[in-house]
Amino acid sequence: MKFTSNGLSLAEAVLKVSKACAVRTTAPVMECIKIGAKGDTVSLLATDGELSIEKTIKAEVLEEGAVCVPGKLFTDFIGKLSGEEVCVTTGERGVEIKYRDSGSYMQAISAEEFPEINLTVGEDSFVLKQGDFKKIVAKTAFCCAQDDSRPVLKGCLMEFKDKLEMTALDGFRLALSETAVISKSGEKNIICPARTLNEIARMLPGEDEEVTVYADGGTLLVKSDTTTVVSRLYQGDFIKRQNVVPTQFTTVVTVTREELVASAERAAILIRGDKNNLVTLEIGSEKVKISSVSDYGNVAEAIAASVEGVDLTISMNAKYLLDALRALEEEKVTISFNGAISPFILQNYEKKDSLYLILPVRNAS
């Protein structure tokens with residue numbers, strides 16, 4: 001294999017696919033990027049067994065072929081050559097990288113050892129606007145679990161019907177959002193890893209342009225221009241949100257979102273690093289008092305609010321509260337409660353296309 005490429009194009013492509021390289025594995029080839037040169041293009045492919053990313057770029061191919069190179073080393077090295085014309089050649093010692101009057105060798109693995117990745121998934125398809133897809137991912141994926149205790153919670157439930165409904169939860173909070181579907185080949189429920197959805201959102205360049213999501217059995221595929229993302233889907237039972245999201249409330253508060261965000265951010269400063277990271281809301285007539293207490297001191301301030309129902313004092317994780325408030329987008333938001341120990345929800349005041357549920361915390365003090 002031998003090809004010459006613009007260093008910037010190669011560096012950007014390598015950086016993109018390297019996000020799918022395995023980090024800790026007993027199979028060294030899974031830490032590699034597979035490079036294939038054919039015709040007038042070079043393809044770069046990486047996989048960790050769950051997520052696979054392929055990127056193709058234009059290049060002057062002098063000799064067709066394929067090879068696997070160490071993902072992190074190759075990415076870091078090529079990243080330093082973004083302003084150069086780069087020539088990549090395979091040889092007995094591995095891969096030779098030439099630039100200007102200089103050169104370097106890097107160990108390589110045979111391309112035959114790289115696992116086969118199906119890049120032609122296409123049983124069911126769903127078309128959305130790229131901007132809508134990116135927005136719904138941003139509104140939900142941050143609520144997915146981070147640990148492996150329940151792997152299914154590391155993904156978002158995607159319910160493709162007349163619209164796309166996406167649900168995420170980590171056991172302490174839940175996010176639900178919906179967006180329009182332009183066209184579909186059927187209806188389907190899938191659980192897609194959050195990291196896959198975030199990678200897809202990052203690769204989509206447009207807003208009003210369309211993106212097609214393909215789902216086939218346990219696999220999801222999305223292609224945008226010269227980048228293809230393929231992911232294994234999670235299998236298992238996802239929580240039925242109808243069983244956990246309340247519809248009746250004893251206290252409903254309407255506040256200016258930015259005022260509550262600013263106040264909660266100030267309250268969160270003094271509890272930074274505390275185990276429970278608690279802020280307390282005291283809801284009374286026409287106001288909400290936000291407070292926090294730690295060994296460093298305390299914060300207590302009030303903002304104006306419209307309050308319907310009974311007075312209430314409730315504590316919650318400050319990060320969960322702020323994450324939900326930042327994901328909402330209207331000037332006014334409503335927060336609905338059923339007492340101090342029951343889950344509460346946050347929504348935009350007018351457009352109810354997103355919902356955030358948070359479990360409160362008993363404040364021992």
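What follows is a short conversation about reading a few features of this predicted model.

Colleague: Let's begin inside the protein. Which residues touch the most other members of the largest nonpolar core?

Modeller: The general idea is that such a core is made of buried nonpolar residues joined through their side chains. Here the largest one has 97 residues, and F3, I35 and L346 touch the most other members. Helix α6, residues 318–327, supplies the largest share of this core, with 7 residues. Apart from it there is another core, of 14 residues, which includes L157, L174, I191 and F238.

Colleague: I'd like to click on I35. What does I35 touch, not counting residues up to four places away in sequence?

Modeller: You will find M1 and F3, then V42, S43 and L44, and after those G65, A66, V67, V69 and F74.

Colleague: Now a helix. How many of the residues of helix α3 are buried?

Modeller: For this, we ask which residues fall under 20% relative accessible area. Helix α3 spans residues 130–140 and is mostly covered, with 8 of its 11 residues buried. The buried set in α3 is Q130, G131, F133, K134, I136, V137, K139 and T140.

Colleague: And T227, is that residue buried or exposed?

Modeller: T227 counts as buried because its relative accessible area is 3%, and the cut-off for buried is under 20%. You can locate T227 in strand β18, which covers residues 227–232.

Colleague: Which residues is T227 in contact with, leaving aside its neighbours within four places in sequence?

Modeller: T227 is in contact with K16, I53, E54, K55, M203 and V222. With K55 there is also a polar contact between the two side chains, at 3.5 Å.

Colleague: Let's turn to the backbone. What sign does phi have in most residues other than glycine?

Modeller: Most of them have a negative phi, so a positive value in a residue that is not glycine is worth a look. R100 is a case here, with a positive phi of about 50°. R100 sits in the loop between β8 (94–99) and β9 (102–106). R100 counts as exposed because its relative accessibility is 61%, and the cut-off for exposed is over 50%.

Colleague: What is the phi of D225, and where does D225 lie?

Modeller: D225 is not a glycine either, and its phi is positive, at about 55°. D225 belongs to the loop between β17 (219–224) and β18. With a relative accessible area of 65%, D225 is exposed.

Colleague: So on the β18 side, I can look at D225 in the loop between β17 and β18, and then at T227 in the strand β18 itself.

Modeller: Yes, and as you step along, D225 is exposed, whereas T227 is buried.

Definitions and conventions
Residues are numbered from 1 along each chain as its sequence is written. This is a predicted model: local features need pLDDT of at least 70, side-chain atom pairs count only at pLDDT 80 or more; totals for chains, interfaces and linings use all residues. Side-chain values use heavy atoms; hydrogens and water are left out. A nonpolar core is a set of buried Ala, Val, Leu, Ile, Met, Phe, Trp, Tyr and Cys residues joined through side-chain atoms within 4.5 Å. Buried means under 20% relative accessible area, exposed over 50%, partly exposed in between (1.4 Å probe, protein chains only). Helices (H or I, at least four residues) and strands (E, at least two) are DSSP runs, numbered from the N terminus. Contact means heavy atoms within 4.5 Å. A polar contact is a pair of N or O atoms within 3.5 Å; within protein, one must be able to donate a hydrogen and the other to accept it, and residues adjacent in sequence count only if both atoms are side-chain atoms.
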